[in-house]
Amino acid sequence: MSVHAQAKKVTTHTLQEMKRSGEKITMLTAYDYSLARLVDGAGVDVILVGDSASNVMAGQVTTVPITLDHMIYHAQCVERAVDRALIVVDLPFGTYQGNSKQALDSSIRIMKEAAAHAVKLEGGAEIVESIKRILTAGIPVMGHLGLTPQSIYKFGTYTVRAKEDEEAKKLIEDAKLLEEAGCFAIVLEKIPKDLAKKVSESVNIPTIGIGAGPDTDGQVLVLHDLLGITMDFSPRFLRRYLNLAEDINNAIGQYCQDVRSGDFPNESESYSS
Ligand code: KIV
C-alpha cells in the first residue's frame, strides 16, 4: 500500500498549519495518471498540474500556447490518480488576464470539469481583482511571483528576477497584496535567496520556492527535471535525482536488439495452444 493511502488528505489548511509548525511543504508537477499515482504514493503534499505541460508534454518552447482544454485534460488524468495530495492547476496564459469574470469562468471550468482543489495564477497587483473574484466562488488560489514564464516575451529571458532593489520591493509588496486578497500560498520562482527569505518572513501564508533558495516554506520542481527525463534543461537550482533519459534509452535499445536478434519473445513469454 502506498505511504499515504491511509493518510489524511492535504488541504490548504494543512499547508498553513505546516508553515506555522515549520514543517517543509513538498510540491511536484504531474500531468498524467501514471506518474501522478507514483508522486502521490510517495507522499508529496501538493501536485501541481503546471502549464509547464506545454514544454514537457507538448514540446512547445514556452508555456504560452497551452489552452484551458489542454490543462483540464491533464488535470482530469491527475485527479483520477490522487488519494492524498492537494491538486493545484495552473490557469494558462490568456484565460484570466482579460478581466475578473474571465478568470472566474476559467477557474470554475477547472474545478467542475477536473475536480481540482485550487488554481494558480501568475502575477501581483495587476491580477488582485481577478483573485478576489475567483475567491468569491470558494475556489482557493495560489499566487506565483518572481519569474513568471507566461510573461517571457515581456522579460525576454529566463534569468533570475528581482535582483535590483526596485523589483525586489515590488515583489514584497505584491506578496503582501496576494496574502491580503486571500491566496493560500505563493510560488516564488527564480529570485535571490535573501529576498525569498524576506518574503517568507513577511507573509503568514506558505511560500513555495523554485530556484529561490532554502528559506521558503516549501519547494517545487518539475517532475521530469527531477527524474532526469528533460536532459536539455540544467538550471543551477535543479537537483536531478535520477538519470532516467539514459536508463530509458538503454532499455529501449536493448528491446530493439532483442527483437532484431529473435531473442524476444522467448518460450516463456509465448502462449501454447
Ligand atoms: O508550470 C509549472 O510547472 C510551474 C512551476 C515551475 C512552479 O509553474
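**Exercise 1. A backbone angle after α5**

Ala115 is found in the loop between α5 (100–114) and β4 (118–120). The model is predicted. Task: state what sign phi has at Ala115, and do the same for Ala162. Then decide whether each residue is buried or partly exposed.

Solution.
- Step 1. Phi of Ala115 is near 50°, a positive value in a residue other than glycine.
- Step 2. Ala162 sits in the loop between α7 (152–155) and α8. Its phi is near 55°, again positive and again in a residue other than glycine.
- Step 3. Buried means under 20% relative accessible area, exposed means over 50%, and partly exposed is in between.
- Step 4. Ala115 has 33% relative accessibility, so it counts as partly exposed. Ala162 has 3%, so it counts as buried.

**Exercise 2. The ligand shell**

Task: list the residues that surround the ligand, and sort the shell into nonpolar, polar and charged. Then find which side chains have an N or O atom 3.0 Å, 2.5 Å and 3.1 Å from a ligand oxygen.

Solution.
- Step 1. The shell is Thr29, Leu48, Gly50, Asp51, Ser52, Asp90, Lys120, His144, Val187, Ile210 and Val222.
- Step 2. These residues divide into 4 nonpolar, 4 polar and 3 charged.
- Step 3. Go through the distances. The Asp51 side chain has an N or O atom 3.0 Å from an oxygen of the ligand. For the Ser52 side chain the value is 2.5 Å. For the Asp90 side chain it is 3.1 Å.
- Step 4. Check the cover. Taken alone, the ligand exposes 260 Å², and the protein buries 95% of that.

**Exercise 3. One residue of the shell: His144**

Task: place His144 in its element. Is it buried or exposed? Which partners does its side chain reach within the protein?

Solution.
- Step 1. His144 belongs to strand β5 (residues 141–146).
- Step 2. Its relative accessible area is 4%, so it is buried.
- Step 3. The His144 side chain reaches the backbone oxygen of Leu147 at 3.2 Å.
- Step 4. A polar contact of 2.9 Å joins the side chains of His144 and Glu189.
- Step 5. Return to the ligand: His144 is one of the residues around it.

**Exercise 4. Salt bridges within a helix**

Task: give the N to O distance for Glu17 and Arg20, and for Lys170 and Asp174. Then say how far apart each pair is in its helix.

Solution.
- Step 1. Start from the principle. Side chains of opposite charge can pair when their charged atoms come close.
- Step 2. The side chains of Glu17 and Arg20 form a salt bridge at 3.4 Å, N to O. Both lie in helix α1 (residues 12–21), 3 residues apart, about one turn of the helix.
- Step 3. Glu17 is partly exposed at 44% relative accessibility. Arg20 is exposed at 61%.
- Step 4. In the salt bridge of Lys170 with Asp174, the closest N and O atoms are 2.7 Å apart. The two residues are 4 apart in helix α8 (residues 165–181), so about one helical turn separates them.
- Step 5. Lys170 is partly exposed at 39%, whereas Asp174 is buried at 6%.

**Exercise 5. A salt bridge between loops**

Task: Asp45 and Arg84 meet in a salt bridge. Which parts of the chain does the pair tie together?

Solution.
- Step 1. The N to O distance between the Asp45 and Arg84 side chains is 3.1 Å.
- Step 2. Asp45 lies in the loop between α2 and β2, and Arg84 in the loop between α4 (68–79) and β3 (86–90), so the pair ties together parts 39 residues apart in sequence.
- Step 3. Asp45 is buried at 6% relative accessibility. Arg84 is buried too, at 10%.
- Step 4. Look at the loop of Asp45 again. Val44 lies in the loop between α2 (33–41) and β2 (46–49), and counts as buried at 10%.
- Step 5. The C-alpha atoms of Val44 and Leu223 are 11 Å apart, with their positions 179 residues apart along the chain.
- Step 6. Add the wider picture. The count of salt bridges comes to 13. A network of salt bridges links Asp69, Arg109 and Glu113.

**Exercise 6. Helix α11 and the segment after it**

Task: name the residues of the nonpolar surface patch. Then find which residues the cis peptide bond joins.

Solution.
- Step 1. Ile229, Ile248 and Ile252 make a nonpolar surface patch of about 230 Å².
- Step 2. Ile248 lies in helix α11 (residues 244–261). Its relative accessible area is 38%, so it is partly exposed.
- Step 3. Pro265 lies in the segment after α11. A cis peptide bond joins Phe264 and Pro265, with omega about -5°.

Note on methods. Residues are numbered from 1 along each chain as its sequence is written. This is a predicted model: local features need pLDDT of at least 70, side-chain atom pairs count only at pLDDT 80 or more; totals for chains, interfaces and linings use all residues. Side-chain values use heavy atoms; hydrogens and water are left out. Patches are made of residues with over 30% relative accessible area and no salt bridge: like charges are joined within 9 Å, nonpolar side chains (Val, Leu, Ile, Met, Phe, Trp, Tyr) within 5 Å. Accessible areas come from the Shrake-Rupley method with a 1.4 Å probe; for residues, only the protein chains shown count as cover. A salt bridge is a side-chain nitrogen of Lys or Arg within 4 Å of a carboxyl oxygen of Asp or Glu. Buried means under 20% relative accessible area, exposed over 50%, partly exposed in between (1.4 Å probe, protein chains only). A residue is near a molecule or strand if one of its heavy atoms lies within 4 Å of it. A polar contact is a pair of N or O atoms within 3.5 Å; within protein, one must be able to donate a hydrogen and the other to accept it, and residues adjacent in sequence count only if both atoms are side-chain atoms. Ala, Val, Leu, Ile, Met, Phe, Trp, Tyr, Cys and Pro count as nonpolar, Asp, Glu, Lys and Arg as charged, and the others, Gly among them, as polar.
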